[in-house]
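Hi,

Here is the model I promised to pass on. Have a look first, and my notes on it follow below.

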Amino acid sequence: NLTDRLQGVIKTLRGQARLTEENISDAMREVRMALLEADVALPVVKEFIAQVKQRAQGQEVLQSLTPGQAVIQVVHDELTELMGKANVGLNLAAVAPAIILMAGLQGSGKTTTSAKLAKLLKEQKKKVLLASADVYRPAAIEQLKTLAKQLDVDCFDSNATQKPLDIAAAALDFAKRGYYDVIIFDTAGRLGIDEAMMAEIKALHTLLNPIETLFVVDAMQGQDAVNTAKAFGDTLPLTGVILTKLDGDSRGGAALSVRHITGKPIKFVGVSEKVDGLEPFHPERMASRILGMGDVLSLIEQAHKNVDMAEAQKLADKVKSGKNFDLDDFKAQMSQMRKMGGMGALMDKMPAQMAGMANKMNPDDADKAIRRIEGIINSMTALERRKPELIKATRKKRIADGSGVQVQEVNRLLKQFEETQKMMKMFAKGGMAKMMRNMGN
Ligand code: GDP
Ligand code: MG
């Protein structure tokens, strides 16, 4: 991946005393390959390399920097620049209600992100109205209504028999009369770009005249993200981009291209499918992350925010007292790992050297495995979780059916649990309890 390759560049340059035209060229060839492999669009790569080369050649290597570090510093600065220098927040400076229009392909994360934004704005004491004009996909409007309910935010009562433009007009009227500060307008997307969709979103844009028109794009789309971004950017006066599913993206190339192609700032990134999985986009942090310097700070922040301290303490006490470690505890342990953003997020944010040790395990697979385990345990009764030894053939079959897996997988989970349980018992008298407590501090 990008980080690995760039780490390779640093290593190659490490032994060298000076920056020469030759070793810069060599390094740039690697950087170029790395960026292309990370799905960064070719024109972006070309311009980027030219820029870095120019700056690196003009660069006097500071005494504290080795040539390798110097090149990386330049690459880092240029990456930051490419992604927009500094974070740009939402612009809500409009006569209330400030209107936010969400645009993007189907599945890009518009509805989820609408809810995430609503949550964020609610926390800023704004009166928020969600509205959906996605009349094409079954249950799309329901999806938004459900999320709104979960967040205790109002959702305009539209339905799939209405026309999108009628919904927009009615929702706007409702928001005005209800003195809402912000209305977030979720729209339909198609699987690919088509004229009908573009015409519709354009008409909605004209009618609503939003202060923010946010293009939502799935970071995992790689090169396709660029084409989509271009099509939307040509049709709508976008004001910003939200890059979703960054938690699943090991390559990060989309972040580089999308900004360049649309010319619009990435305002937020989606980092999980949950409603709190939205973070302001920081170009510098992203650059560090891509370069594998490790965004340790945000990792620590994240850990503090999400690890349920009481839960950690409870678990620690339980282990300490030598009480039986059951499947509920096992599940709590797993979900705690997930709350920290999952294995992928953790490994991503670790410095490359550290992550290198864990490299053998694919973080995506690890996350998926955790989710499946949680699913399986969810299909067990409370009694079974407390007394896993009760789980024999018939129960296994029922649990497997309930969670949509094969019986073998239930067996594997039980085996894994047994091993963890053994380990917990072993450590009960020793250092484990202390470690768990430290986790909560
Ligand atoms: P829409 O069709 O554009 O409205 O997309 P949805 O909001 O329905 O999202 C499509 C899928 O992507 C859903 O399964 C979401 O849970 C998932 N999703 C959205 N944003 C993120 C994100 O930031 N991270 C992850 N992992 N999943 C996301
Ligand atoms: Mg949707």
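**What I found**

Strand β2 (residues 128-132) pairs with β4 in the parallel sense, over 5 bridges. Pairing here requires that DSSP finds at least two bridges between two strands, and strands (E, at least two residues) and helices (H or I, at least four) are DSSP runs numbered from the N terminus. Within this pair, Ala131 has Phe185 of β4 as its bridge partner.

Before going on, some housekeeping. This is a predicted model, in which local features need pLDDT of at least 70 and side-chain atom pairs count only at pLDDT 80 or more, while totals for chains, interfaces and linings use all residues. Residues are numbered from 1 along each chain as its sequence is written, chains are lettered from A and ligands numbered from 1 in the order in which they are written, and side-chain values use heavy atoms, with hydrogens and water left out.

**Around β4**

β4 also has a partner in strand β1 (residues 98-103): the two run parallel and are joined by 4 bridges. Here Ile99 is matched with Ile183 of β4.

β4 itself (residues 182-186) has 5 of its 5 residues buried, so the rest of the structure largely encloses it. Buried means under 20% relative accessible area, exposed means over 50%, and partly exposed is in between (1.4 Å probe, protein chains only). Val182, Ile184 and Asp186 are on one side of the strand, Ile183 and Phe185 on the other, and both faces are covered.

**From β4 to helix α5**

Asp186 leads on to Thr111, which sits in helix α5 (residues 110-123). The two side chains make a polar contact at 2.7 Å. A polar contact is a pair of N or O atoms within 3.5 Å; within protein, one must be able to donate a hydrogen and the other to accept it, and residues adjacent in sequence count only if both atoms are side-chain atoms.

Why does Thr111 count as buried? Because its relative accessibility is 10%. Leaving out residues up to four places away in sequence, Thr111 touches Gln143, Leu144, Leu147 and Asp186, where contact means heavy atoms within 4.5 Å.

**The ligand**

Thr111 also turns up at ligand 1: of the 17 residues around the ligand, Gly107, Lys110, Thr111, Thr112 and Asp247 come nearest. A residue is near a molecule or strand if one of its heavy atoms lies within 4 Å of it. Helix α5 gives the largest share of this shell, with 4 residues.

What is the shell made of? It divides into 9 polar, 6 charged and 2 nonpolar residues. For that split, Ala, Val, Leu, Ile, Met, Phe, Trp, Tyr, Cys and Pro count as nonpolar, Asp, Glu, Lys and Arg as charged, and the others, Gly among them, as polar.

Some distances you may want to check on screen:

- Thr112: a polar side-chain atom lies 2.5 Å from an oxygen atom of ligand 1.
- Asp247: an N or O atom in the side chain is 2.6 Å from a nitrogen atom of the ligand.
- Ser272: a polar backbone atom is 3.3 Å from an oxygen atom of the ligand.

Taken alone, ligand 1 exposes 580 Å², and the protein buries 81% of that (Shrake-Rupley areas with a 1.4 Å probe; for residues, only the protein chains shown count as cover).

**β5 to β8**

Strand β6 (residues 240-244) is joined to strand β5 (residues 212-218) by 5 bridges, and the two run parallel; Leu214 stands opposite Gly240. β6 also runs parallel to strand β7 (residues 266-270), with 3 bridges between them. Val241 faces Ile266 there, and Leu243 has Val269 as its bridge partner.

β6 has 5 of its 5 residues buried, and so does β7, with 5 of 5. β7 then pairs with strand β8 (residues 278-280) in the antiparallel sense over 3 bridges, where Phe268 stands opposite Pro280.

**Overall**

The protein has 21 helices and 8 strands. Of its 441 residues, 49% are buried. Its exposed area is about 21,700 Å², with carbon and sulfur atoms supplying 52%.

Cheers
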